[in-house]
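Here's a quick tour of one protein model. Have the sequence and the 3D view ready, and follow along as we go from a single residue outwards.

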Amino acid sequence: MAKSDDSITHGRRTFFKEAFAKLIEPVAEYLDEQISPYFPAEKVILRPPGALSEADFLNTCLHSGNCIDSCPAQAIHPLPNGTPHIDPDYQPCVVCESLACMQACPSGALQKLSVEEIQIGLAVVNYETCLRTEEIDCTYCVDNCPIGDTAIRLDSQERVEVIFAGCVGCGLCQYHCPTAPKSIVIQPLG
Ligand code: SF4
Ligand code: SF4
């Protein structure tokens, strides 16, 4: 029996859909490999400014909660194990004038550093999703950085550029980025 026009059209659509899916599969896998080191599925743990290396921090932190209580921005919250962390999606560090958390830490788990020495992490841009790649003139991350153009700026091609030596990893850029998921994310160092 001859096939109806509808069933031929449907068959063609299915064929092309499957062929297209096969075609883009390697591209999707490649992009995933490139992006996943910077945007892991699991959320990373960011410690407050001045934190020792993770192993030393865990051995030194007394779970006093002093840093949590002292932060004027309420940026520091306890993890289930009682240690403090910062989630820039929820509330970034605002790099307050007194750097209160470091002053309040009784154990040395948070060292007393200058602003220039702070490295909570490093901002990493995902150019695949950044609105500027679509030629939308977004500058939220650049405009909201408390450090300024020694930490983040637009490069000669008008792309967001993070400067390793200047970025303190406060997360204000991540917090203000309007894309979902975020196109700029703080990654811990080391
Ligand atoms: S530097 Fe200030 S704003 Fe940032 S986490 Fe410490 S207390 Fe909070
Ligand atoms: S705020 Fe986000 S979308 Fe806007 S320029 Fe920065 S990284 Fe791109």
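## Starting from one threonine

Find threonine 129 in the loop that runs between strand E3 and helix H5 (140–143). Keep in mind that this is a predicted model.

Is threonine 129 buried, exposed or partly exposed? With a relative accessible area of 33%, threonine 129 counts as partly exposed, because that value falls between the 20% and 50% cut-offs.

Now look at who touches it. If you skip the neighbours within four places in sequence, threonine 129 is in contact with Thr179 and Ser183. Threonine 179 sits 50 residues away in sequence, yet the C-alpha to C-alpha distance from threonine 129 is 7.5 Å. With serine 183, the side chain of threonine 129 makes a polar contact of 2.8 Å.

Next, go back to strand E3 (residues 122–125), which is covered on both faces. Leu122 and Val124 are buried on one side, and Ala123 and Val125 are buried on the other. E3 pairs with strand E6 (residues 184–187) in the antiparallel sense, over 4 bridges. In that pairing, valine 125 stands opposite isoleucine 184.

Isoleucine 184 turns up again around ligand 2, and so do Thr179 and Ser183. Cysteines are there too, including Cys130, Cys138, Cys141 and Cys177. Around ligand 1 you'll find, among others, Cys71, Cys93, Cys96 and Cys101.

Here's how the two shells break down by class:

| Shell | Nonpolar | Polar | Charged |
|---|---|---|---|
| Ligand 1 | 12 residues | no residues | no residues |
| Ligand 2 | 9 residues | 2 residues | 1 residue |

Notes:
Residues numbered from 1 in each chain as written. Chains lettered and ligands numbered in written order. Predicted model: local features only at pLDDT ≥ 70, side-chain atom pairs only at ≥ 80, totals over all residues. Heavy atoms only, no water. Near = heavy atom within 4 Å. Nonpolar A, V, L, I, M, F, W, Y, C, P; charged D, E, K, R; others polar. Buried < 20%, exposed > 50% of the residue type's maximum accessible area, 1.4 Å probe, protein only. Helix = DSSP H or I, 4+ residues; strand = E, 2+ residues; numbered from the N terminus. Pairing = 2+ DSSP bridges. Contact = heavy atoms within 4.5 Å. Polar contact = N/O pair within 3.5 Å; in protein donor to acceptor, adjacent residues only side chain to side chain.
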